[in-house]
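Work through the exercises below with the structure in view. Try each task before reading its solution.

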Amino acid sequence: MSGFFSPFITKPVSVSQIMLHVLFALIPGIALYVWFYGPAILVSITLASITALGIEALMLKIQHKPVAPYLKDNSALLTAWLLALSIPTLAPWWLVVVGTAFAISISKHLYGGLGNNPFNPAMVGYAVLIISFPAYMTHWLAPQGVGGVSMSFSDQLGYMFQGLLPDGLTLDAVTMATPLDTLKTQLHQHSQIEHILNMPIYGHLAGKGGEWVAGGFLLGGFYLFAKRLISWHLPVAFLGSLFLIAGIFHLFDPAHYAAPLLHLFSGAAMLGAFFILTDPVTSPTTPRGKLIFAAGAALLTYLIRVFGGFPDGIAFATLLMNITVPLLDAWTQPKVFGKKEKRS
Amino acid sequence: MKTLYQFHGGIHPPTNKTQSTQTPIRLAQLPVKLVIPLHQHVGNCAKPVVEAGDYVLKGQLIGRPDGHLSSAIHASTSGTIAAIDMQPVAHASGMADLCVTLIPDGLDKWIELAPCDDWQSLPHTELRHILRNAGVVGLGGAVFPSDMKLYAHKHKIKTLVLNGAECEPFITCDDLLMRERAGEILLGIEMMRTLLYAEEVLIGIEDNKPEAIAAMQAAVTAGGYARMEVIAVPTIYPGGGAKQLIRVLTGIEVAAGVRSTNLGVQCFNVGTAYSVWRAIRYGEPLISRVVTVTGNVAHPQNFDALIGTPMDELVAQADQLPGTTGYIMGGPMMGVLMPSMQVGMIKATNCIIASSDQLFPAAKPAVSCIRCTRCADVCPAELQPQELYWFAKAKNLDKAEDYHLFDCIECGACSYVCPSNIPLVQYYRFAKSEIWAQEAGKKAADAARERHEYRESRIEREKREKAEKLAAKEKAAQDARAQRAALAAVPETGTMPVAAENPVQQKIQAAIEHAKLQAAAAKPKNTEQLTPHQLAEIADIEARRARVRELAKDNTEE
């Protein structure tokens, strides 16, 4: 017997399955990541996953919560993957560990664990790292075929775990500023957009390689949507708003403001739209709340990217909008059945 | 083709209906005993009119309606009343209620009935009276006395909605009833339409019952009914909820706390229409109904069973399988687990599911809510169940009410879809009952306060009256003394009467003094009954104050 009270039947769906689907949806993006940047990201993801599960188990244990059911919900894994995907490929191992440990312990469990954290744990982890270790957070690998020098997998492992580079290689030779960063720096040096975009790191829409990875996340997003794991509100409102804001600036001054599609396919925009903003725990629950939340995140992302000091704005935009969630939820309560309009 | 409307949300649980629709409705065997609760309807419990040991005929009144909102209860067969006592009943509370235990004599002998060939000639009040005395109540689950719902002013009700949707999984009693007895259902519907002066009749049946739809449509055509339409509605749970069906068929949303009749709609279950017809045309009281017996049984099917039939006897006729752990009355979404397998079936029993661990596996342990809003997506009342859960869990009942807790129809769709396995609807039932308890408590406290205040004022008044009486007496005595003194002043000294009067006088004086003391003592309430230590402290404080006052005086003078 399922219990003493109805309903006696439930839909066979669990948090664990939902999270598994989301992890699955990340795979196209990760595959393309490996294709363009080599398998180092898989090492980061594995390292983050192990750390996340370990810290999760530890935190559950010291809080006397049931370890097994919560460990199996896959939510810690998702946080780990998202964080690993957000930080540079050539990150030293301890950077991954510190970021993940902070995300799981402080920003998730100290706020009450699954379902109770007001801020997106992966983004808190990212924010802590970029503020504490800004130098390490710029070590983005150049995609294959850009920069001339490439690192073998063993070279990458050597750097990640021992901080050693092969003889004759410098960090500057194998890493590069991200396309968004380059754009900002070049614009500061009074270059024109069209000249900047002719640089070898740019591809069809945005950064070479990066644009494809973004496309992979977009594909994963479609999967989530098809599986009804996310509603359209957040991704559509986020990408739409970002497109609109970037489009207005671009129309106004195309020489100094990049085309909207560059913004959509750069940095963590796609990852954010489908996998980060859509974290149900830290986003609004009402349809209107979701639209406002996503539009606000898009505006903040654009402002940070174009006028701010950080290379990308998704993390801080997400965290800032996370603050507004309880208010948005309270303000945007939908009307209930039969009470939508006054009837006489 | 009629335009249909949609309601928000809804779910598609496995219907599990075909198991019990393979064979026609079967007349259930006469049970060994019948346990007939006297409270099977909304309103007051019926008053028993028989005693243990009485012989009753089938259809004989055994409980008369008590008050305006109540209904009659009848003997389901002929036999002897064995007992009238408290027994476990088929109710969510699991509490015992007053039941009549009837031992059938096997003759199944009817009482003399009063059939009516020409019901149109009867005044409406008479028809309602017949229904009330026949114990006809809503058979869709609400068991509201039907006569109360069949009253309307002319032109008030536009649409009469007949509910044949039967959206809950497993239940097929209305389906079979419509397949087999469509003609009589329609006759009952026509009667209802007349009583309500309703213009049109819409019969909503979910599209997973094509046979029932065809049978009803054929009967409408055969009967030549005007402005009566059989409409296939989409199969979605809880599409058979009255509010949801009214929405789908008419587009009207009946908000919580609003009567559908105020919006021009009345809604009845098709089974009720059938019972209305039987009650008026043949004078048969409601002593049996169609009930689906399904679940962990070898031959799931529908029975026409007598009210009061012990559930285990009925389920045995469908060949109960081993591993049965209990009976659920109703469907798996909103049904109620029976307190015992022997409880008698009641007018509200549309389905009995023999449950087993295979059929309804144990629920997985609940984990934290991740605010995924699947519950909000399926809520037909368009609530935010995740918020309500939060408030109910925190016992933040005011907030729960602000978020429309009482608009929840407890359909259980939220619990069904919750990936965290949270029994959401349980939280809402809990919060509702907490609020009801609080309100009852508040009412009781208000009543107690009023009683107390009244008592205080009475005591005060009595005291005053006593004092006035005493004063009057004293005045009279003084007058008398003065008179006597005047008289005595003439011939002799009247020491004797004065002396005789003195003790009384003293007593009165003492009483007055005592009352005064009491009044004085009553004034500074917070200084009553102080310990010597406290008194000392107060004296101390007073002394300090005096000193400060002195000092202040000194300062100002300087």
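**Exercise 1.** State how many residues each chain gives to the contact between chain A and chain B, and describe the side of chain A.

Solution. The model is a predicted one. Start with the counts: chain A contributes 32 residues and chain B contributes 48 residues. Next, look for elements on the side of chain A that touches chain B: those giving two or more residues are helix H1 (15-25) and helix H4 (67-71) of chain A. Finally, sort the residues of this side by type: 17 are nonpolar, 11 polar and four charged.

**Exercise 2.** Compare the radius of gyration of chain B with that of a compact globule of 558 residues.

Solution. For a compact globule of 558 residues, a value near 24 Å would be expected. Chain B has 36 Å. Then take the extent of the C-alpha trace of chain B along its principal axes, which is about 115 × 70 × 55 Å. As for burial, 45% of the 558 residues in chain B are buried.

**Exercise 3.** Find which residues touch the most other members of the largest nonpolar core, then follow Met216(B).

Solution. The core holds 256 residues, and those touching the most other members are Trp81(A), Ala84(A), Phe238(A), Met192(B), Met216(B), Ala273(B) and Ile352(B). Helix H3 (residues 173-196) of chain B gives the most to this core, 13 residues. Domain 1 (18-356) and domain 2 (366-510) of chain B each supply at least three residues. Now take Met216(B): leaving aside neighbours within four places in sequence, its contacts are Met178(B), Ala182(B), Ile203(B), Ile205(B) and Val230(B).

Key. Residues numbered from 1 in each chain as written. Chains lettered and ligands numbered in written order. Predicted model: local features only at pLDDT ≥ 70, side-chain atom pairs only at ≥ 80, totals over all residues. Core = buried A, V, L, I, M, F, W, Y, C linked by C-beta atoms within 7 Å. Buried ≥ 20, exposed ≤ 12 C-beta atoms within 10 Å, placed from the backbone. Helix = DSSP H or I, 4+ residues; strand = E, 2+ residues; numbered from the N terminus. Domains from an automatic or database assignment. Contact = placed C-beta atoms within 7 Å. Nonpolar A, V, L, I, M, F, W, Y, C, P; charged D, E, K, R; others polar. Rg over C-alpha atoms; globule rule 2.2 N^0.38 Å.
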